[in-house]
Amino acid sequence: MEKIIFYILSAVIIGFAIMSVTTRKLYRATMYLLFVLLAISGIYFLLEYNFMAAVQLSVYAGGIMVLIIYAVVLTDKIGEPLRQIPTKWNIVPVLVTIGTAALSIYAIFSFPGINAKNQASVTSVEQVGEKLLSYAPDGYVLPFEVVSILLLAAMIGAIVIAKAKKIVNQEKN
Amino acid sequence: MIEGVGLPEILSVTTILFFIGVYGFFTRTNLIAMLMSLELMVNAEAVNFVAINKYLSPAFLQGQIFSLFIIALAAAETALALAIILHLYRLTSNIDVREVKELKY
């Protein structure tokens, strides 16, 4: 049963990802990206890491997607198709990406010990929280605080950059 | 871990997802579309961290903690990139990388 769900999720991920990078309409591309993110959170649920799935749903599918949609609405002329590279040149990136992907998958399948079987484990929120705030040698309290400062810096930086004055443009012209 | 699904299958799916993102990054010229391709790549990375941790060393939590940090960094990166894109659009009314040269010099 879980196997079938995994393959359905994989098909959804790959199909909508391809549609997201090839469609000519930017707004549709954001919607396809949203489906990809939702399916990835389903993969986290299957891997029994429920906290990560919740974070994926709330931060990615909630926060980042809303940001991207607002940016699209504010900048894009909706309905105007995206510019694409000419078809005869499209063969180069297709060949390069398929070739490197095939090489990587070959490397994955030929890696020794990749089929190791361990007992199933469920990651609970308590474990994650204790690790994140632990002062022990394998604790992560320092990266946790660094990330919080980084998020604050990014927030201030985004505000400062996005509220620059418009007059600069007129002086230049 | 998922019953009946091995680590190579999950890694194959994330590899394909990553290279779809690379393809989008190569071929798109709109800055927001390029950023969306970048999101695909970052997501593939995060799934890799969690899957490898779950299958190869389930007693430890390193990969699962670091995937949380990856998501936090991706959120900060997206917010900053979109701020830059919006500012650029106000300056030049254009976010196509072939025509925007303001950041070049």
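The following paragraphs describe a predicted model of two chains, A and B, beginning with each chain alone and ending with the places where they touch.

Chain A is built from helices: its secondary structure comprises seven helices and zero strands. Read from the N terminus, its elements follow the order α-α-α-α-α-α-α. The chain is divided into two domains, with domain 1 covering residues 2-123 and domain 2 covering residues 125-173. The centres of these two domains of chain A, taken over C-alpha atoms, lie 25 Å apart.

The overall dimensions of chain A may be considered next. Along its principal axes, the C-alpha trace of chain A spans about 65 × 45 × 30 Å. Its radius of gyration is 22 Å, whereas a compact globule of 173 residues would have a value near 16 Å. Of the 173 residues in chain A, 19% count as buried. Contacts along the chain offer another view: among those in chain A with a separation of 6 or more, 48% are accounted for by residues 24 or more positions apart.

A single residue can serve as an illustration. Leu95(A) is found in helix α4 of chain A, which consists of residues 87-109. Is Leu95(A) buried or exposed? Leu95(A) has 10 other C-beta atoms within 10 Å. A residue with 12 or fewer such neighbours counts as exposed, and Leu95(A) is therefore exposed. A second residue, Phe144(A), stands 49 residues from Leu95(A) along the chain, and the C-alpha atoms of the two are separated by 41 Å.

Chain B is also described by its helices. Its secondary structure comes to three helices and zero strands, and from the N terminus on its elements run α-α-α. The radius of gyration of chain B is 17 Å, well over the 13 Å that the globule rule gives for 105 residues, so chain B is more spread out than a compact globule. Its C-alpha trace spans about 50 × 25 × 20 Å along the principal axes. In chain B, 50% of the 105 residues count as buried. Of the contacts in chain B with a separation of 6 or more, 45% are accounted for by residues 24 or more positions apart.

The description now turns to the contact between the chains. Here 61 residues of chain B are in contact with 74 residues of chain A. On the side of chain B that touches chain A, the elements giving two or more residues are α1 (7-27), α2 (31-56) and α3 (62-92) of chain B. Which of these elements gives the most to that side? It is α3(B), with 21 residues. By character, the residues on this side of chain B divide into 42 nonpolar, 14 polar and five charged.

One pair of helices shows this contact in detail. Two packed helices are described by the angle between their axes and the distance between the axes. Helix α3 of chain A, residues 50-75, and α2(B) have axes that come within 11 Å and cross at roughly 175 degrees. An angle over 145 degrees counts as roughly antiparallel, and α3(A) and α2(B) are therefore roughly antiparallel to each other. From α3(A), the residues Met52(A), Ile64(A), Ile68(A), Ala71(A), Val72(A) and Thr75(A) take part, and they meet Ile32(B), Met36(B), Glu39(B) and Val50(B) in α2(B). The residues of this contact of α3(A) with α2(B) divide into eight nonpolar, one polar and one charged.

Methods: Residues numbered from 1 in each chain as written. Chains lettered and ligands numbered in written order. Predicted model: local features only at pLDDT ≥ 70, side-chain atom pairs only at ≥ 80, totals over all residues. Domains from an automatic or database assignment. Contact = placed C-beta atoms within 7 Å. Helix = DSSP H or I, 4+ residues; strand = E, 2+ residues; numbered from the N terminus. Nonpolar A, V, L, I, M, F, W, Y, C, P; charged D, E, K, R; others polar. Rg over C-alpha atoms; globule rule 2.2 N^0.38 Å. Buried ≥ 20, exposed ≤ 12 C-beta atoms within 10 Å, placed from the backbone. Axes fitted to C-alpha atoms, helices over the stretch in contact; angles between N-to-C directions. Parallel < 35°, antiparallel > 145°, perpendicular 65-115°, else oblique.
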